[in-house]
Amino acid sequence: MDIIEKGQGKQRDQWTSKIGFILAAAGSAVGLGNLWKFPYSVGTNGGGAFVMLYFIFLVLIGFPLMLAAITIGRKTQLSAVGAYRSIKKNWAFVGGLGVVCGFFILAFYSTVGGWVIYYLVKALSGGLAIKDPKLLGEIFGGFISSPTASIAYQGIFLLITLLIVIRGISGGIEKASKIMMPALLILLIMIAIRSVTLPGAMKGIEFFLVPDFSKIDMNVIMNALGQVFFSLSIGMGVMVTYGSYLDRNTNLLGPSNSIPLLDTAVAMVAGFATLPAVFALGFEASEGPGLMFVTLPAVFASMPLGNIFCILFFILVLFAALTSSISMLEVCVSYFVDEKGADRIKSSIIISIIIYFVGLPASLSMGPWSDLRILGSLNFFDFYDKLTSNILLTSGGLFLSIFVGWIWGADNAIKEIRRGGVKFSLAPIWKFLIKFIVPPAVFIILINSFKDVISAILS
Ligand code: TRP
């Protein structure tokens, strides 16, 4: 973000343009959640039914909360903890919850970020030009179960994230997103076209789009809601913080619609790139976290210039993952800098090191520690994932909706959104959703997640 000095009071960075904000917020939203997590979650949660629930939650919960979060940020001009506090003193804990959440997401996000770097290196050496599903599965399995390699690459991913955050070069990263994001989308569309035209792809398309209602259970519902929060980066204060850098006269409605739309578009194209190929090439849809890594190289191998596509793809995935991981680290760092007056560089380094240690078990649980169950049937990796998506982000979303709907008040928020004569004709619908639909819906789902945790502890 470029720096403009505001002149009055504490000086604060601001986006020089609305596009800078959109790029950073979209950069946070579009990441491994869309490219890696969405397709495999569709696979493990029964296909089209999960996608349908995802869309229902996106419209009823995701969009309203995105607007709510950005509005708090713009109104208070403060990052999450301070923003909540300045509206209602004892609500600062919601921001604090986000800091904890960012910490745990990054702990396992960096595991997958490391996989991406490894695959990039492998593609550069030509070692991924393989069609055979079994062999690709073995390569992935061999890599993630090697303790040293997966830990080393996880460290490299965190180190790159750290360097970007301490050097404050995220401004350059945002400028680069102007090229990288469209490039990613175009490349994904090309992969999707190849994938859906493979012989036998139709079954995958059906699996992806046609809901089988018998597949819906509480688990699928929880995961679909968790995926909405995770993919949109809402529920932990990232969007509040980013909104706080907006000038108070910018219209919020454009970005709060375009970010979720873009994010969902990327996830859907990633689904089309992955799932039809899963069925066409004989992979397992329920493969889990390895789905992207085993399936897409096989798709590349069936494309002309496949290895170049493969290299390009992993470069762009890495870029998307980094624009997300910096937003998570940034939330943790800015908490200690803004709230505790800590030194920016020192706290970035210390936090990253702690995240690395907390994250190591996530990497190890794919290999040497695969039998170690930390909660019920969950290993460390799954535990961090469920803890964040199904509990922490969901709680953050619940508090956000209660806060905006009831504590600050939907009418006050609407006044803020309408500042400068902005036309907000959907205001009554938004107010209804944020007050009466989002809190109870999220609450019910959250209760079920807690029930799961308790029964896992007791069992
Ligand atoms: N949304 C990102 C993705 O899809 C992940 C992410 C970045 C995130 N920042 C976040 C998720 C904050 C929740 C909260 O990959």
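This report walks through a few helices, loops, contacts and cavities of one protein chain. The model is predicted, and residue numbers count from 1 along the chain.

## Helix H6 and its buried side

A good place to begin is helix H6, which covers residues 133-145. Its 13 residues, at 1.5 Å a residue, should span 18 Å, and the C-alpha atoms at its ends are indeed 18 Å apart, so expectation and model agree. Which residues of H6 are buried? They are Leu136, Ile139, Phe140, Phe143 and Ile144. These buried residues cover an arc of only 115° around the axis, which puts them on the same side of H6. A general rule helps to picture the pattern: an α-helix has 3.6 residues a turn, so residues three or four places apart point the same way.

What do the buried residues of H6 pack against? Their partners are helix H5 (92-124), helix H7 (147-166), helix H13 (291-301) and helix H15 (344-364). At the N-terminal end of H6, Asp132 acts as a cap, with a side-chain oxygen 3.1 Å from the backbone nitrogen of Lys134.

## Helix H9, with two faces

Helix H9 (residues 202-209) can be read in a similar way. Its buried residues are Gly204, Ile205, Phe207 and Phe208. The arc they cover around the axis is only 160°, which puts them on the same side of H9. Turned away from that buried side is a face carrying the exposed residues Met202 and Lys203.

## Two loop residues with positive phi

Now for two loop residues whose backbone angles deserve a look. Gln77 sits in the loop between helix H3 (48-76) and helix H4 (80-87). Ser233 belongs to the loop between helix H10 (218-232) and helix H11 (238-244). Phi is near 55° in Gln77, a positive value in a residue other than glycine. For Ser233, also a residue other than glycine, phi is positive too, near 60°.

Are these loop residues buried or exposed? Gln77 is buried, with a relative accessible area of 11%. Ser233 is buried as well, at 12%. The cut-off behind both statements is that buried means under 20% relative accessible area.

## Empty space inside

Rolling a probe the size of a water molecule over the atoms shows where empty space is left. In this model there are three cavities of 30 Å³ or more. The largest cavity has a volume of about 140 Å³. How many residues line the largest cavity? There are 18, and those nearest its centre are Ser28, Ile105, Phe230, Ser233 and Met328. Ser233, met above as a buried loop residue, is thus part of this lining. Several helices contribute to the lining of the largest cavity: helix H1 (18-29), helix H2 (32-44), H5, H10 and helix H14 (306-340) each supply at least two residues.

## Four residues and their neighbours

The table lists contacts for four residues, leaving aside neighbours within four places in sequence.

| Residue | Contacts |
|---|---|
| Lys37 | Leu32, Gln227, Phe230, Asp385, Ser389 |
| Thr71 | Leu252, Trp408, Ala413, Glu416, Ile417 |
| Ser286 | Gly43, Thr44 |
| Val358 | Phe103, Phe104, Ala107, Tyr384 |

Lys37 is found in helix H2. At 5% relative accessibility, Lys37 counts as buried. A polar contact of 3.4 Å links the side chain of Lys37 to that of Ser389. Phe230, one of the contacts of Lys37, is also among the residues nearest the centre of the largest cavity.

Thr71 lies in helix H3. With 1% relative accessibility, Thr71 counts as buried.

Ser286 is placed in the loop between helix H12 (253-281) and H13. Its relative accessible area is 47%, so Ser286 is partly exposed. Along the chain, Ser286 and Phe143 are 143 residues apart, and their C-alpha atoms are separated by 20 Å. Phe143 is one of the buried residues of H6.

Val358 has its place in helix H15, and H15 is one of the helices that the buried residues of H6 pack against. From C-alpha to C-alpha, Val358 and Leu433 are 37 Å apart in space, with their positions 75 residues apart in sequence.

Definitions and conventions
This is a predicted model: local features need pLDDT of at least 70, side-chain atom pairs count only at pLDDT 80 or more; totals for chains, interfaces and linings use all residues. Side-chain values use heavy atoms; hydrogens and water are left out. Helices (H or I, at least four residues) and strands (E, at least two) are DSSP runs, numbered from the N terminus. The expected span of a helix is 1.5 Å times one less than its number of residues. Buried means under 20% relative accessible area, exposed over 50%, partly exposed in between (1.4 Å probe, protein chains only). The arc is that of the directions from the helix axis to the C-beta atoms. Contact means heavy atoms within 4.5 Å. A polar contact is a pair of N or O atoms within 3.5 Å; within protein, one must be able to donate a hydrogen and the other to accept it, and residues adjacent in sequence count only if both atoms are side-chain atoms. On a 1 Å grid over the protein atoms alone, a cavity is a set of points where a 1.4 Å probe fits but cannot get out, and a pocket is an open set with protein on both sides within 12 Å along at least five of seven lines; lining residues have an atom within 4 Å of a point. Grid points are joined across faces, edges and corners, and a volume is the space filled by probe spheres set on the points.
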